[in-house]
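Here are my notes after going through the model you sent. They come as numbered points, so pick whichever ones help.

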Amino acid sequence: MRPGPLAGKVALVAGATRGAGRAMAVELCRAGATVYATGRTTRGDGRPGAGARRVSEVGRSTETIEETAELATEAGQEHGGTGLAAVVDHLLPAQVAELMARIDNEQGRLDILVNDLWGGDRFVGFGKKIWEHDLADGLRVLRLGLDSHLITAHYALPLLIRRPGGLVVEVTDGTEEYNRNYREPVYYDLAKAGPLRLARALAEETKEHGTTAVCLTPGWLRSEAMLDTHFHVTEENWREGCAQDPHFAISETPVYVGRAVAALAADTDFARFNGQSLSSGGLAQVYGFTDVDGSAPDAWRYITDIQHPGKAADVTGYR
């Protein structure tokens with residue numbers, strides 16, 4: 001075993017049960033970090049301390065936070081990374097406070113905070129005006145997409161700012177440039193604009209402590225739900241989904257954004273990005289990593305140039 005570029009670093013990936021969060025936890029571990037991965041879905045398999053089986057409102061019982069920690073630890077074997085599962089509902093302040101006390105007690109430090117909390121897709125009434133949208137569902141979208149980030153930052157930052165050089169990564173859907181467009185409906189628009197502003201605010205509030213805060217977005221993410229629920233394909237035959245939507249050709253695996261956050265965290269000069277909006281495709285051009293198939297999709301440039309204006313799908317020059 002040889003130490004990885006993030007050896008000795010402690011990271012918290014909040015919202016790591018599946019998708020981008022899971023991939024970011026795995027890739028940070030692969031780079032040698034100790035990673036606390038949090039989520040609400042737990043297998044509760046009867047082992048000491050495991051507790052009862054629980055499934056979040058996302059409703060995907062086969063993806064658990066324990067599995068994420070195991071995958072992360074396996075990935076980290078070569079470089080000393082370790083994944084640790086924590087069952088946390090980040091809308092419950094007491095649970096977040098307890099998590100931070102645990103990290104402080106076990107590690108005495110926090111170097112990287114990835115705020116990847118979401119889980120609100122099922123509550124979004126796409127195509128509905130604000131007066132048509134179910135109000136309770138809309139407010140739940142904001143709770144999941146904004147309140148959870150604020151609660152986590154409130155409790156995590158006192159530990160992270162103890163040492164200069166900390167990194168906060170707010171995760172959203174869409175770059176700052178693209179999200180100047182309206183991302184309907186209004187609740188989704190607010191939920192995805194919020195992390196961009198939060199990263200900007202945290203960059204200012206933590207500046208004197210030598211902390212860097214950025215907002216990071218994946219492109220068109222081939223998450224588990226995108227594959228099996230929306231397009232009814234697998235990762236192996238994902239291109240068949242292009243028959244339903246030709247622009248799906250620009251999509252990327254969660255590993256791509258996982259590699260993005262690991263590369264960023266290992267950069268000794270990541271402070272140059274303080275307060276900025278970043279994307280997986282944009283960081284691939286900076287650091288030279290690729291997706292698992294060796295390509296480097298630049299989804300938001302493609303969406304801006306091709307998809308949004310209504311042009312025919314053509315990923316030439318974009319992946």
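1. A residue is called buried here if its relative accessible area is under 20%, and exposed if that value is over 50%. Keep in mind that this is a predicted model. With that cut-off, look at strand S7: Leu 167, Val 169 and Val 171 sit on one side, Val 168 and Glu 170 on the other, and all of them are buried. That makes 5 of the 5 residues of S7 buried, so the strand is largely enclosed by the rest of the structure. Note that a glutamate, Glu 170, is among the buried residues.

2. Which strands pair with S7? On one hand there is S6 (residues 112–115), which runs parallel to S7 and is joined to it by 4 bridges. Val 114 has Val 169 as its bridge partner in S7. On the other hand there is S8, also parallel to S7, with 5 bridges between the two. In that pairing, Val 171 is opposite Leu 216 of S8.

3. S8 (residues 212–217) gets a similar write-up. Thr 212, Val 214 and Leu 216 point one way, while Ala 213, Cys 215 and Thr 217 point the other way, and all are buried. With 6 of its 6 residues buried, S8 is largely enclosed by the rest of the structure.

4. Now follow the chain out of S7 (167–171) into the loop that leads to helix H5 (186–205), where you will find Glu 177. Is Glu 177 buried or exposed? Its relative accessibility is 54%, so Glu 177 counts as exposed. From Glu 177 to Thr 206 the C-alpha to C-alpha distance is 24 Å, with their positions 29 residues apart in sequence.

5. That loop has a backbone feature to check as well. Pro 185 belongs to the loop between S7 and H5, and the peptide bond joining Glu 184 to Pro 185 is cis, with omega at about 0°. For context, most peptide bonds are trans.

6. On to the rings: there are 9 aromatic pairs in the structure. One of them is Tyr 178 with Trp 300, whose ring centres are 5.1 Å apart and whose planes meet at 45°, so the pair counts as tilted. This pair connects distant parts of the chain, since Tyr 178 is in the loop between S7 and H5 while Trp 300 is in helix H9 (residues 299–307), 122 residues apart. Tyr 178 is buried at a relative accessible area of 11%, and Trp 300 is buried at 8%.

7. Phe 231 and Phe 248 make a stacked pair, 4.0 Å from centre to centre with 10° between the planes. Both lie in the loop between H6 and H7, so the pair ties together parts that are 17 residues apart in sequence. Phe 231 and Phe 248 are both buried. They also belong to one aromatic cluster, together with Trp 220 and Trp 238.

8. What sits over the ring of Trp 238? The charged end of Arg 222 does, 3.8 Å from the ring centre. Elsewhere, Arg 122 lies over the face of Phe 123, at 4.9 Å from the centre of that ring.

9. His 232 is another one for your backbone checks. It has a positive phi of about 55° although it is not a glycine. Most residues other than glycine have a negative phi. His 232 is in the loop between H6 and H7, and at 61% relative accessibility it counts as exposed.

10. Last, the second largest pocket, which holds about 330 Å³ of space. Its lining has 15 residues, and those nearest the centre are Arg 22, Ala 23, Glu 224, Pro 254 and Val 255. Helices H1 (19–30), H6 (224–230) and H7 (254–266) each contribute at least two lining residues, with H1 giving the most, at 6 residues. If you are assigning charges or setting up a docking grid, the split is 6 nonpolar, 3 polar and 6 charged residues.

How values were computed
Residues numbered from 1 in each chain as written. Predicted model: local features only at pLDDT ≥ 70, side-chain atom pairs only at ≥ 80, totals over all residues. Heavy atoms only, no water. Buried < 20%, exposed > 50% of the residue type's maximum accessible area, 1.4 Å probe, protein only. 1 Å grid on protein atoms, 1.4 Å probe; cavity = no way out; pocket = protein on both sides within 12 Å on 5 of 7 lines; lining within 4 Å. Points joined across faces, edges and corners; volume = space filled by probe spheres on them. Nonpolar A, V, L, I, M, F, W, Y, C, P; charged D, E, K, R; others polar. Phe/Tyr/Trp six-rings, centres within 6.5 Å; stacked < 30°, edge-to-face > 60°. Lys NZ or Arg CZ within 6 Å of the ring centre and 35° of its normal. Pairing = 2+ DSSP bridges.
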